Amino acid sequence: MDFDKGKAIALLNKIMELELAGVVRYTHYSLMVYGYNRIPIVDWLKKQAEEGLLHARQAGEFVTLLGGHPSLAIGPLLETHQHNIGDILKESLTHESEALMAYYQLLELAQGKSVLLEEYARSLITEEEMHADAVNKMLRRTGETGVYEGH
């Protein structure tokens with residue numbers, strides 16, 4: 001079957017860059033949290049940074065598996081200087097949705113052509129969707145059951 005390795009490598013490098021940007025972003029956020037709920041939130045943010053590094057490494061491994069060269073770049077880092085928890089979570093949701101789109105693009109490219117990349121993309125889509133759901137639930141007010149939609 002026809003498989004565009006160059007396009008797959010480019011997508012994997014984009015994913016690697018986005019995940020590395022997430023490492024920087026979550027590390028920064030973890031340093032900017034203050035108040036009574038600091039400890040559990042900082043722990044959660046540090047865990048997200050560690051997960052981003054793992055995901056970046058995985059993407060890099062697939063780049064080299066396909067014969068490509070892993071990127072040294074880091075995805076966009078926007079400093080909004082908004083450091084309350086709600087703003088941090090909203091920024092996180094925006095960043096995660098960009099990474100999720102890249103995983104969906106990889107899945108589309110690999111579907112029916114590379115079981116390895118297809119399964120990788122599916123597993124990361126699942127992880128990213130669950131992460132987005134966790135953030136969405138943190139953005140809801142107590143007692144709300146509907147999905148957070150930016151109100």
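**Exercise 1.** State how much area the chain exposes and what share of it carbon and sulfur atoms supply.

Solution. The chain exposes about 8800 Å², and 58% of that comes from carbon and sulfur atoms. The model is a predicted one. Of its 151 residues, 42% count as buried.

**Exercise 2.** List the secondary structure elements of the chain and judge its compactness from the radius of gyration.

Solution. Step 1: there are four helices and zero strands, in the order α-α-α-α from the N terminus. Step 2: the radius of gyration is 17 Å, close to the 15 Å from the globule rule for 151 residues, so the chain is as compact as a globular protein of that length. Step 3: the C-alpha trace spans about 55 × 35 × 20 Å along its principal axes.

**Exercise 3.** Classify the ring pair Y26 and W44 and locate both residues.

Solution. Step 1: the chain has four aromatic pairs. Step 2: the ring centres of Y26 and W44 are 6.4 Å apart and the planes stand at 90°; edge-to-face requires over 60 degrees, so this pair is edge-to-face. Step 3: Y26 belongs to helix α1 (residues 5–31) and W44 to helix α2 (residues 38–65), so the pair ties together parts 18 residues apart in sequence. Step 4: Y26 has 2% relative accessibility and counts as buried.

**Exercise 4.** Do the same for F62 and Y120.

Solution. Step 1: with 4.3 Å centre to centre and 40° between the planes, the pair is tilted. Step 2: F62 sits in helix α2 and Y120 in helix α4 (residues 115–139), 58 residues apart. Step 3: buried means under 20% relative accessible area; F62 is at 14% and Y120 at 5%, so both count as buried.

Technical notes. Residues numbered from 1 in each chain as written. Predicted model: local features only at pLDDT ≥ 70, side-chain atom pairs only at ≥ 80, totals over all residues. Heavy atoms only, no water. Helix = DSSP H or I, 4+ residues; strand = E, 2+ residues; numbered from the N terminus. Rg over C-alpha atoms; globule rule 2.2 N^0.38 Å. Buried < 20%, exposed > 50% of the residue type's maximum accessible area, 1.4 Å probe, protein only. Areas by Shrake-Rupley, 256 points an atom, 1.4 Å probe, with all protein chains shown as cover. Phe/Tyr/Trp six-rings, centres within 6.5 Å; stacked < 30°, edge-to-face > 60°.
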